[in-house]
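Visitor: I would like to learn how to read a model like this one. Please take me through some features, one at a time.

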Amino acid sequence: MARFVNVAAGQLGPVARSETRTEVVARLMALMRQAHANGCDLIVYPELALTTFFPRWYMEDQAEIDSFFEHEMPGPQTRALFDLARELGIGFCLGYAELAVENGETHRHNTSILVDKRGKTISRYRKVHLPGHAEHEPWRRFQHLEKRYFEPGSGFVVADAFNGAIGMAICNDRRWPETYRVMGLQGVEMVLIGYNTPVHNPPAPDHDDLSLFHNRLVMQSGAYQNGTWVVGVAKAGIEEGVDQIGGSCIVAPSGEIVAACTTKGDEIALARCDLDLCNSYKRTTFNFDVHRQPHAYGLIVERRGQHMMADGTPVPSGKSGRGL
Ligand code: ING
């Protein structure tokens, strides 16, 4: 029996700094209604969907920085989105800046949540791979201060939801094969990824012309090499003077793009995703139990007089010598 999930990639165009949460939530709700009208079970929104991509600016005043964070989720200005989800019977994945007070300490994360058709949050992920830098770098056309404003998350989790195994990642995470493999080893069948990606990458301007190609490349390879669906959703367009790629798409476990947005504005792309298609890869080419060789990956190697594990991690204390 095929397990279909009807999915919408809920791409956003630019979000201005002046836009209120209420105004943005209204845009998210309009996309949710479109997705529901097209029979969707789930809509995936971008990273930091509720505000402009504020890490592009250097700020020192903590109150100003915290104005971009959500202190509760849902809160007074986001509750309407959860209520609509429950009313329509559609789930969603939402990226936002999370301010959490835990054991009396304040923590700030670049977060994504998965909310079911009853409007209940069933999974939360905090971005692991924070790109950019922590201090002001005035040479850049714009900043990328995620390392300044967020703490990294502690790992990738796969939740049982929508009759399958659903994982989340955020933006730069999608560029790292470990992101998909860690969830692949947990049996993930769909990875939901929001992103804000500038066309121009100041440290590597020669990559700019390849930004959309690299966007597709990493999600298609991650999908194929782990036999999983991947849904990538942009906040796109020229946002506060910075051009951000679109390229929202839905990738099948084959690595094929089966749906894509064609604008850089608010737009949904739709796909009827058969989660059982994952097995065509998980039970053959990427049958990890049969074909993966973890013993070879944990090898201790010597590079230029330094011992390390074959995957580049330090040799755990107590282990030494070559693993040959
Ligand atoms: N943005 C970008 C991303 O990984 C980036 C940062 C852009 C890295 C271009 C490398 C090249 O898509 C976020 N928010 O991670």
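Visitor: Where does Glu240 lie?
Guide: Helices (H or I, at least four residues) and strands (E, at least two) are DSSP runs, numbered from the N terminus. Glu240 sits in the loop between strand 10 (237–239) and strand 11. This is a predicted model: local features need pLDDT of at least 70, side-chain atom pairs count only at pLDDT 80 or more, and totals for chains, interfaces and linings use all residues. Residues are numbered from 1 along each chain as its sequence is written, and side-chain values use heavy atoms, with hydrogens and water left out.

Visitor: What is phi of Glu240?
Guide: Phi is near 50 degrees, a positive value in a residue other than glycine.

Visitor: Is Glu240 buried, exposed or partly exposed?
Guide: Buried means under 20% relative accessible area, exposed over 50%, partly exposed in between (1.4 Å probe, protein chains only). Glu240 has 39% relative accessibility, so it counts as partly exposed.

Visitor: Which other residue, not a glycine, has a positive phi?
Guide: Asn103, with phi of about 55 degrees. Asn103 belongs to the loop between strand 3 (91–102) and strand 4 (105–115). Its relative accessibility is 82%, so Asn103 counts as exposed.

Visitor: Back to strand 11. Where is Gln244, and is Gln244 buried or exposed?
Guide: Strand 11 covers residues 242–244, and Gln244 is found there. Gln244 counts as buried because its relative accessibility is 1%.

Visitor: What does Gln244 touch?
Guide: Contact means heavy atoms within 4.5 Å. Leaving out residues up to four places away in sequence, Gln244 touches Phe53, Arg56, Asn196, Thr197, Pro198, Val199, Lys235, Ala236, Gly237, Glu239 and Lys264.

Visitor: How do I read Gly153 by the same steps?
Guide: Start with place. Gly153 lies in the loop between helix 4 (146–149) and strand 6 (158–161). At 17% relative accessibility, Gly153 counts as buried. Beyond residues up to four places away in sequence, Gly153 touches His109, Arg126, Lys127 and Val128. Gly153 and Asp274 are 121 residues apart in sequence and 30 Å apart in space, C-alpha to C-alpha.

Visitor: And Thr262: where is its place?
Guide: Thr262 is in the loop between strand 13 (257–260) and strand 14 (267–274). Thr262 counts as exposed, because its relative accessibility is 73%. Its C-alpha atom is separated by 8.3 Å from that of Ser248, 14 residues apart along the chain.

Visitor: Which residues does a cis peptide bond join?
Guide: Met73 and Pro74, with omega about 0 degrees. Pro74 has its place in the loop between helix 2 (62–66) and helix 3 (79–88).

Visitor: At what angle do helix 5 and helix 6 pack?
Guide: Axes are lines fitted to C-alpha atoms, for helices over the stretch in contact, and angles run from 0 to 180 degrees between N-to-C directions. Helix 5 (residues 177–184) and helix 6 (residues 211–226) pack at about 25 degrees, with axes 9 Å apart. Angles under 35 degrees count as roughly parallel, over 145 as roughly antiparallel, 65 to 115 as roughly perpendicular and the rest as oblique. Helix 5 and helix 6 are therefore roughly parallel to each other.

Visitor: Which residues meet in helix 5 and helix 6?
Guide: Tyr180, Arg181 and Gly184 in helix 5 meet Val218, Met219, Gly222, Gln225 and Asn226 in helix 6.
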